[in-house]
Amino acid sequence: MENLKILFASSEVVPFAKTGGLADVAGSLPKAIKAVGADIRVVMPKYKCIPQKYTEKMELVSSFYVNIVWRRQLCGVYMLEMDGVIYYFIENDFYFNRDGLYGYFDQAEQFTFFNRAFLEMLPHINFQPDVVHFNDWQTGIGSLLLESDYKELKFYKDMKSLFTIHNIKYQGIFPKEIMDSVLGLSWEYFHLNGLENNDQVNFMKAGIAYSNIINTVSKTYADEIKYDFFGEGLNGIINRRSDDVYGILNGIDYDHNNPSTDKRLYVNYSTRSINGKYENKKMLQEELKLPVKDVPLIGIISRLVDQKGFDLIDCVIMEILQMDIQLVVLGTGEYRYENMFRWASEVFPDKVSANIKYDDVLAQRIYAGSDMFLMPSLFEPCGLSQMFSMRYGTIPLVRETGGLNDTVRPYNEFTGEGNGFTFSNYNAHDMLHTIRRAVEFYNNKPTWEMLVKRVMKEDFRWEKSASEYIELYQKAIAKEF
């Protein structure tokens, strides 16, 4: 394992650029894998939005031209070492000197360039990985390019691939004409078991079809995506590759998210003394202009979109707010859900605080100051918020799907087992019943304090996941494709 070499390719990485959970994983997992003893290096685009405090420390290590069919684009490779991990940044102003990360008309060309550039970078920087670890649709095409265009070259012939699906809903689907105009691939790859999907090119499907090993970010999600409802049209190829599909739960950074040292909190606390948690609750109520009183404070930190189960809340919000509770919401998303919470905060100003924005400090204060954390997701590949909430002693209320099912065990008052409250059917009244049940136990102080201390002792560190990824890399190396 000392000699294991990995290139970790991601379109976003914390702390350089982030739109979602992929960036968190790409910022934390390589550090944990490095700590296990592998030589893992990370590559991402050099976006305009990367803070200057990082760009000014980067060093140009190579430059060369990359061919995208008839286009010849200059590529600069910058390097930065941080926390013991080497990061490479692919520079091209035409593709990456833009205000946002995604959503441009030429996304297929953008990320084809990125994939070709980091594959062609490897001999220039004298790094020959055993495995290239591709992540989500933005790098899905890379495993096909590795097979189609590079494996015939001696430098690449023994390289293997791992493809991680962070969310199968987002696939990178483009017109089939890009086979000739952008990808420059033979049409022999455009078929049902290749990258073709509904007569279009699908980057996510390419990653699934042409990688040696595939994994998702929880064991339950790895099983769920084999079915129509969760597979988003790709369950056919997932089932064909099922022997090579694994699930590894994401972790969280326990040093950065530590209630006893986190400077973002009002007051620090630990399992030895959880009084500080109640101080955080009181001060959060004061900051958000909610009455300071001993009622269950339910937190929600999320993108306000259908996937996260907000249509269930919409169905029963009046019933929820008739309970003796308070609700704190932080996030942005679909207009109707933003408006739902704005309306609720106007009609029930003593019960609801709607913060339609993202604020990292307020997020930590909600994790720490809330009593319960609500995640009624329709689907959830892994979910990190339930792990953050438990780290801070906040009891999760979740639907049993994906990573939520793998991390939250329903509390059983007869056996004393469990670490949260769950429901299985995607049903608003099942969710409402679960919230009411949690509120009942909140009023049983000895039981509630036991649960708070129990969830704070849960271990969702990256170390366990890192060891499982090492095993997958070794499976990929041993795999004959």
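Lys 479 and Asp 244 meet in a salt bridge, with their closest N and O atoms 2.8 Å apart. Keep in mind that you're looking at a predicted model. Lys 479 sits in the segment after helix H19 (462–478) and Asp 244 in the loop between helix H10 (235–240) and E12, so this pair ties together parts that are 235 residues apart in sequence. The two partners aren't equally covered: Lys 479 is partly exposed, with a relative accessible area of 23%, while Asp 244 counts as buried at 10%.

Why might such a pair form at all? Side chains of opposite charge can pair when their charged atoms come close. There are 32 salt bridges in the structure, and here are a few of them:

| Salt bridge | Closest N to O distance |
|---|---|
| Lys 479 and Asp 244 | 2.8 Å |
| Lys 151 and Glu 147 | 2.9 Å |
| Asp 223 and Lys 226 | 3.9 Å |

Look at how covered these residues are, too. Lys 151 is buried, because its relative accessibility is 17% and the cut-off for buried is under 20%. Its partner Glu 147 counts as partly exposed at 23%. In the other pair, Asp 223 is partly exposed at 43% relative accessibility, and Lys 226 is partly exposed at 23%. Salt bridges can also join up into a network, as they do for Lys 219, Lys 464 and Glu 468.

**The nine-stranded sheet**

Now for the sheets. One is an open sheet of nine strands, in the order E3-E4-E5-E2-E1-E6-E7-E11-E12, and its pairing is mixed. Which strands are at the edges? They're strand E3 (59–68) and strand E12 (245–247), and each of them pairs on one side only. From one strand to the next, the twist averages 25°. E3 and strand E4 (residues 71–82) run antiparallel and are joined by nine bridges; within that pairing, Val 66 stands opposite Gln 73 in E4. Helix H4 (residues 107–125) packs on this sheet, touching several strands, including strand E1 (5–9) and strand E6 (131–135), and its direction makes about 125° with that of E3.

**The three-stranded sheet**

Another open sheet has three strands, in the order E8-E10-E9, with antiparallel pairing. Its edge strands are E8 (173–175) and E9 (196–197), each pairing on one side only. E8 and strand E10 (residues 200–202) pair over three bridges, and Ile 173 stands opposite Asn 202 in E10. Lying across E8, E9 and E10 is helix H7 (residues 203–210), which runs at about 60° to E10.

**A strand tucked inside**

How many of the residues of strand E17 (residues 395–399) are buried? Five of the five, so the strand is largely enclosed by the rest of the structure. Both of its faces are covered: Ile 395, Leu 397 and Arg 399 are buried on one side, and Pro 396 and Val 398 on the other. E17 runs parallel to strand E16 (residues 372–375), and four bridges join the two. One of the residues there, Met 375, has Val 398 as its bridge partner in E17.

**Helix H12 and the surface**

Helix H12 (residues 310–322) holds Met 318, and Asp 311 is in H12 as well. Met 318 counts as partly exposed at 35% relative accessibility. Together with Trp 343 and Val 347, Met 318 forms a nonpolar patch on the surface, with about 260 Å² of accessible area in total. Asp 311 is partly exposed too, with a relative accessible area of 28%. Leaving aside neighbours within four places in sequence, Asp 311 is in contact with Asp 306, Tyr 337 and Tyr 426. Its C-alpha atom is 9.8 Å from that of Ser 377, although the two residues are 66 apart along the chain.

**Some backbone oddities**

Most residues other than glycine have a negative phi, and most peptide bonds are trans. So where are the exceptions here? Asn 126 isn't a glycine, yet has a positive phi of about 60°. You'll find Asn 126 in the loop between H4 and E6, and it counts as exposed at 67% relative accessibility. Asp 199 also has a positive phi, near 65°; this residue is in the loop between E9 and E10 and is partly exposed at 42%. Finally, a cis peptide bond joins Val 14 and Pro 15, with omega about 10°. Pro 15 is in the loop between E1 and helix H1 (21–36).

Note on methods. Residues numbered from 1 in each chain as written. Predicted model: local features only at pLDDT ≥ 70, side-chain atom pairs only at ≥ 80, totals over all residues. Heavy atoms only, no water. Pairing = 2+ DSSP bridges. Contact = heavy atoms within 4.5 Å. Axes fitted to C-alpha atoms, helices over the stretch in contact; angles between N-to-C directions. Patch = residues over 30% accessible without salt bridge, like charges linked within 9 Å, V, L, I, M, F, W, Y side chains within 5 Å. Areas by Shrake-Rupley, 256 points an atom, 1.4 Å probe, with all protein chains shown as cover. Salt bridge = Lys/Arg side-chain N within 4 Å of Asp/Glu carboxyl O. Buried < 20%, exposed > 50% of the residue type's maximum accessible area, 1.4 Å probe, protein only.
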